[in-house]
Amino acid sequence: MPNPHINSRLDDLVANTDIGEDEIASLREPRRRIEMTIPVGLENGEHATFRGWRVQYDDRRGPTKGGIRFHPTVSEEEVTELAFLMTIKCALVDIPFGGAKGGLEIDPKEYSADDLETLSRAFGEALAPVIGPDRDIPAPDVNTNPEIMGFIRESYEAHYNVSASGVITGKSITNGGSAGRETATGRGAFFIIEALQQEGLLGTRQAADTSVVIQGFGNGGRHLAMFLYKSGYAVIGVSDSRGGIHNPNGLDIPALADHKDSGQSVSEFSGGEAITNDELLALPTSVLVPAALGGAVTAGNAKAVNADVIFEVANAGVTAEAKAQLAVRGIKVIPDVLVNAGGVVASYFEWYQNMHDETWKEDDVDEKLRNHQITAWQAVQKEAEEKNISYRQAAYYVAVRRITDASEK
């Protein structure tokens, strides 16, 4: 079934650039959609069946790559769209992967650690025939982690009686993971913000004069907040699913992180004023960062946004309707496929180290990550200026050109 969100992005390219329908027709549908039924016995003696998906969208540039999420709203449509975004993202940052995504329809909060292990191993067994180090390499995503990746890897290795550290990325360091992988999404986003700030595109070249509001304090948002804080930026607002916190003089991010680790909401932090998520999105700021689930900035709340630039750490953090409203007001949106690409770039580094039996230091990973992110930003900026198109259109243009070029080789 055609995905309207994917088609709208591709239609936008055809309407506003020199890319023709014949060039993007093969990107309107994935190469493979795999639906799985996972029956398991639970700790309480009951039996349950879960639905899972793996979508391998395009493999012209190399093995497909993408995370696996455990969430009650996971659907084939969602996984397909995310796999498409991974295809674009990998091409944009010029790593030799295609895009994929996977998901299991489950609320992990409702199950014990033993049940989640059983389910993860069963899911790994179901995935084994369709993944592999040279075919499709999963990674953690929403509600999954290095431990769950380890269970999936072990299922794959048992299925084929092999040792294959490169079949999964996002592993723990002791299990073949890479230094710098955990913080890579936030650090990659920081490199892009830093590049725009140094070019004066955020209204000032001084970090201390650049205010930032971050919606979401999970992996990406939290690490980004820490990097910004340590570099002298004023992170004036942060939120999680239960509410937000605001301090116009800047929040103490290390103290806020410790507070969050104690199990409390950021809205209960004593170093600022508690606000709602809606109020957070409306704070006057240089930079607004949607870093939770997608669709944070919508047609309904876009008019309240009071930022100069939006950086999408979350996939599809700004809806298409909201983007149109923001463009009229001159608010630039730096797209998700660039801003949050640090995670997949570092995953590529992990896979490369596994495949070549190498171990890189964290400083080396960070420098290589910076090079990929900044080179991608420069390519996007060049196309946007030369073609007079948005940064999002330019990012897709660069990526699609690389994908179609690969199909001609």
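In this predicted model, the axes of helices α7 and α8, the latter spanning residues 253-261, come within 9 Å and cross at roughly 155°. Because angles over 145 degrees count as roughly antiparallel, α7 and α8 are described as roughly antiparallel to each other. On the α7 side the contact is made by R222, A225, M226 and Y229, while α8 contributes I253, P254, A257, K260 and D261. Sorted by character, the residues of this contact divide into six nonpolar and three charged, with no polar residue among them.

The same helix α7 also has a place on the sheet. That sheet is open and has seven strands, in the order β9-β8-β7-β6-β10-β11-β12, with mixed pairing. Its edge strands are β9 (273-275) and β12 (332-334), each of which pairs on one side only, and the twist averages 20° from one strand to the next. Strands of a sheet pair through backbone hydrogen bonds, either parallel or antiparallel. Within this sheet, strand β7 (residues 234-240) and strand β8 (residues 243-246) run antiparallel and are joined by four bridges; V238, for instance, has I245 in β8 as its bridge partner.

Two helices that pack on the sheet are set out below, each with the strands that it touches and the angle of its direction to one of those strands.

| Helix | Residues | Strands touched | Angle between directions |
|---|---|---|---|
| α6 | residues 184-198 | β10 (285-290), β11 (307-311) and β12 | about 145° with β11 |
| α7 | residues 219-230 | β6 (211-215), β7 and β10 | about 165° with β6 |

Strand β10 thus appears in both rows, since α6 touches β10 and α7 touches β10 as well.

Between β8 and α8 lies a loop in which P248 is found. P248 has a relative accessibility of 58% and therefore counts as exposed, the cut-off for that term being over 50%. Although P248 and L283 are 35 residues apart in sequence, their C-alpha atoms are 9.4 Å apart in space.

A further pair of strands is found earlier in the chain, where strand β1 (residues 32-41) and strand β2 (residues 47-58) run antiparallel and are joined by 10 bridges. β1 and β2 form a hairpin with five residues between them, and G41 stands opposite H47 of β2. In the turn of this hairpin, G45 has a positive phi of about 95°.

How values were computed
Residues are numbered from 1 along each chain as its sequence is written. This is a predicted model: local features need pLDDT of at least 70, side-chain atom pairs count only at pLDDT 80 or more; totals for chains, interfaces and linings use all residues. Side-chain values use heavy atoms; hydrogens and water are left out. Two strands pair if DSSP finds at least two bridges between them. Helices (H or I, at least four residues) and strands (E, at least two) are DSSP runs, numbered from the N terminus. Axes are lines fitted to C-alpha atoms, for helices over the stretch in contact, and angles run from 0 to 180 degrees between N-to-C directions. Contact means heavy atoms within 4.5 Å. Angles under 35 degrees count as roughly parallel, over 145 as roughly antiparallel, 65 to 115 as roughly perpendicular and the rest as oblique. Ala, Val, Leu, Ile, Met, Phe, Trp, Tyr, Cys and Pro count as nonpolar, Asp, Glu, Lys and Arg as charged, and the others, Gly among them, as polar. Buried means under 20% relative accessible area, exposed over 50%, partly exposed in between (1.4 Å probe, protein chains only).
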